[in-house]
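Hi,

Here is the structure I promised to pass on. Have a look at it first, and then read on for what turned up when I went through it.

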Amino acid sequence: MNYPKKYLLFLLIAISFVSVAQKKVETQSLFEYHGRIEKMQDDKVMLIGSASSVSFDFNGNSCSISLQSVDSFEHQNYVSLELDGKYIGRIRIEKGAVQSFPITVPKSKKAHHLSIYKATEAANGGVLFAGTTVKLIAGAAPKKKKKIELIGDSITCGFGNDASAIPCGAGDWFDQHNAYYAYGPVLARDLDADFVLSSVSGYGMYRNWNDEHLDEPIIPDVYENLYLNKDNSKPYNFAFQPDLVSICLGTNDLSDGDGKKGRLPFNEEKYVSNYIDFIKTVYKHAPNTRIVLLNSPMVSGERNVTLVKCLKKVIQAFENDTIHKSIALFEFQPMSPKGCGYHPDIADDKVMADQLNPFFKKLLDAK
């Protein structure tokens, strides 16, 4: 059959578009994403939450990645890198345009796997992954893993845990962030589990470190928003369905703040009430999960007694819940944190992860 030239031209254009689209799908499938991220155009991705990541496999002995610190306040950000399963350091991304970063790749292997983790938190703005120079290859099909979500504050973010480049008290408040080595990611790697961190420094369950929930949101206000802030125009899709959710909130609720701004006495009733409502929100999005309430390694003495008492009241409120699994409580051993601002450092985070490991493993194996 003889087709008109106009028809043949249209057919060739259509085939071309399909081919380009197919290549785009194939390219995208070679990237693996974890955590709170937003996929952008042209294979770019915004790393949002602490320890959110993009990973890929490639051939060759040279590699460069393009990154940009994206924040309305225009400041630096950080990522941590893992090559072939080994941590190779943290990169500082200065404010401004997209920058290229060369990665040293050993020549002993043909195929490599690179993971880029956001070291800073959602409150520091996004890190845009704008591409790589390497030839991507298909890696092994990802195996099915157990999934963990860790909800919390600065402790969960990895605040102040890495002073290897800039000492405590110097630079900006987030210069010592390294979420790769926070207790949650360390624990997840030890358990060979996938994870997501939903945490914001300074936030609490009913009030924040230095705010009585007057000027600032709290975790329940931002949890359902992708960027963990007051912008609800981009909701979090909750596609990640965790087998286990841990909640570590209370350090900021119990704090005295900066000692200058007005601070009311700790309100046990409000804390417990907000906690109960928040758990219902978690169940709404992950009805089949198991929940664990954590006390805080930064709270001790009578305040810890109060915190644990409140957590037990929260658990008691769900005693007759026949739909969901029972809520568990885990208490950290007392600790004198050695990181910045009386926070855990990398060694302390490892201690916390080791304490949680058998407890989490038992619950995950039982699921």
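Aromatic pairs first: there are 21 of them in the structure. Bear in mind throughout that this is a predicted model. Take Y180 and Y181: their ring centres are 5.0 Å apart and the planes sit at 85 degrees, so this pair is edge-to-face. Y180 is buried at 3% relative accessibility, whereas Y181 is partly exposed at 22%. F266 and Y271 make a tilted pair, with 5.5 Å from centre to centre and 55 degrees between the planes. There is also an aromatic cluster made up of F31, Y33, F56, F58 and F129.

Two rings have a charge over the face. R36 sits over Y236, 3.9 Å from the ring centre, and K147 does likewise over F240, at 5.5 Å from the ring centre.

Back to Y271, which is worth a click. It is buried, with a relative accessible area of 0%. If you ignore neighbours within four places in sequence, Y271 is in contact with M205, Y206, L249, G250, D253, F266, L307, C310 and L311. Y271 also turns up in the largest nonpolar core, which has 41 residues. Along with Y271, the residues with the most contacts inside that core are I151, I247, Y275, I279, I291 and L293. So which elements give two or more residues to this core? They are α4 (219-222), β14 (244-248), α5 (268-285), β15 (290-294) and α6 (301-316). The largest share, eight residues, comes from α5. A second core, separate from this one, has 30 residues, and Y117, L187, F195 and A353 are among them.

L187 leads on to helix α3, since it is one of the buried residues there. α3 covers residues 183-191, and seven of its nine residues are buried, so the helix is largely enclosed by the rest of the structure. Besides L187, the buried ones are Y183, G184, P185, V186, A188 and L191. After α3 comes D192, with a positive phi near 55 degrees.

Now the cysteines. How many disulfides does a search of the whole structure find? Just one, formed by C168 and C340, with the sulfur atoms 2.0 Å apart. The torsion about their S-S bond is about -80 degrees, so the disulfide is left-handed. C168 lies in the loop between α2 (154-157) and α3, and C340 in the loop between β16 (328-330) and α7 (346-366), so the pair ties together parts that are 172 residues apart in sequence. The two ends differ in accessibility: C168 is partly exposed, with a relative accessible area of 42%, while C340 is buried at 7%.

Why are C157 and C310 not bonded to C248, which has the closest cysteine sulfur to each of them? Because of distance: the sulfur of C157 is 11 Å from the one in C248, too far for a bond. For C310 the gap to the sulfur of C248 is 14 Å, again too far. C157 is buried, at 0% relative accessibility, and C310 is buried with 0% as well. You will have met C310 already, as one of the contacts of Y271.

Cheers

Methods. Residues are numbered from 1 along each chain as its sequence is written. This is a predicted model: local features need pLDDT of at least 70, side-chain atom pairs count only at pLDDT 80 or more; totals for chains, interfaces and linings use all residues. Side-chain values use heavy atoms; hydrogens and water are left out. Buried means under 20% relative accessible area, exposed over 50%, partly exposed in between (1.4 Å probe, protein chains only). Helices (H or I, at least four residues) and strands (E, at least two) are DSSP runs, numbered from the N terminus. A disulfide is a pair of cysteine sulfur atoms within 2.5 Å. A nonpolar core is a set of buried Ala, Val, Leu, Ile, Met, Phe, Trp, Tyr and Cys residues joined through side-chain atoms within 4.5 Å. Contact means heavy atoms within 4.5 Å. Rings of Phe, Tyr and Trp (its six-membered ring) pair if their centres lie within 6.5 Å; planes under 30 degrees apart count as stacked, over 60 as edge-to-face and the rest as tilted. A charge sits over a ring if NZ of Lys or CZ of Arg is within 6 Å of the ring centre and within 35 degrees of the ring normal.
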